[in-house]
Amino acid sequence: ELTLEGGVLSLRGEVRAPDDEEKVVRAFERRFRMPFRIDPEGVEARIEDGVLEVQLARAEADRVRRIAVTEGSRES
């Protein structure tokens, strides 16, 4: 289970016995405080060969914006 709430990404899961899917060998939980706001609609997660990959998208309001500086004449 993967959740995002208040800037904290939480991961919870269980490891089950290979010979008995009903038997939980170990449960785990990890929390990660994000250093920037996350766009919840831009979060993607997938697991392959036991490896979880999570891709996060920075919220639009937190993205760096470049501001063009134009040269103009000063009126005196």
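Here is a short chat between a student and a tutor about the structure above.

Student: Before we start, what kind of model is this?

Tutor: Residues are numbered from 1 along each chain as its sequence is written, and side-chain values use heavy atoms, with hydrogens and water left out. Local features need pLDDT of at least 70, side-chain atom pairs count only at pLDDT 80 or more, and totals for chains, interfaces and linings use all residues, since this is a predicted model.

Student: Okay, is Ser10 buried or exposed?

Tutor: Let's place Ser10 first: it is found in strand E2, residues 8–17 (strands, E, are DSSP runs of at least two residues, numbered from the N terminus). Buried means under 20% relative accessible area, exposed over 50%, and partly exposed in between, with a 1.4 Å probe and protein chains only. Ser10 has 7% relative accessibility, so Ser10 counts as buried.

Student: Which residues does Ser10 touch, beyond those up to four places away in sequence?

Tutor: Contact means heavy atoms within 4.5 Å. Leaving out residues up to four places away, Ser10 touches Glu1, Leu2, Thr3, Arg30 and Arg31.

Student: Val15 lies in strand E2 too, so how does its accessibility class come out, and why?

Tutor: Val15 touches Lys23, Val24, Val25, Arg26 and Phe28, not counting residues up to four places away in sequence. For one of those, Arg26, the C-alpha to C-alpha distance from Val15 is 5.1 Å, with their positions eleven residues apart in sequence. Because its relative accessibility is 29%, Val15 counts as partly exposed.

Student: Where is Asp49, and what is its phi?

Tutor: Asp49 sits in the loop between strand E4 (44–48) and strand E5 (51–55). With a relative accessible area of 76%, Asp49 is exposed. Its phi is positive, in a residue other than glycine, and is near 55 degrees.

Student: How far apart in space are Gly6 and Arg37, C-alpha to C-alpha?

Tutor: Gly6 lies in the loop between strand E1 (2–5) and E2. Gly6 counts as exposed because its relative accessibility is 72%. Along the sequence, Gly6 and Arg37 are 31 residues apart, and in space their C-alpha atoms are separated by 8.6 Å.

Student: And what is the relative accessible area of Ala57?

Tutor: Look in the segment after E5 for Ala57. Leaving aside neighbours within four places in sequence, Ala57 is in contact with Arg37, Ile38, Asp39, Gly42 and Arg63. Ala57 is buried, with a relative accessible area of 18%.

Student: Which strand gives the largest share of the lining of the largest pocket?

Tutor: On a 1 Å grid over the protein atoms alone, a pocket is an open set of points where a 1.4 Å probe fits, with protein on both sides within 12 Å along at least five of seven lines, and lining residues have an atom within 4 Å of a point. The lining here is Glu1, Leu11, Arg12, Gly13, Glu14, Phe28, Ile47, Gly50 and Leu52. Four of the lining residues, the largest share, come from E2.

Student: Which residue lies over the face of Phe36?

Tutor: A charge sits over a ring if NZ of Lys or CZ of Arg is within 6 Å of the ring centre and within 35 degrees of the ring normal. Here the distance from the ring centre is 3.9 Å, and the residue over the face of Phe36 is Arg58.
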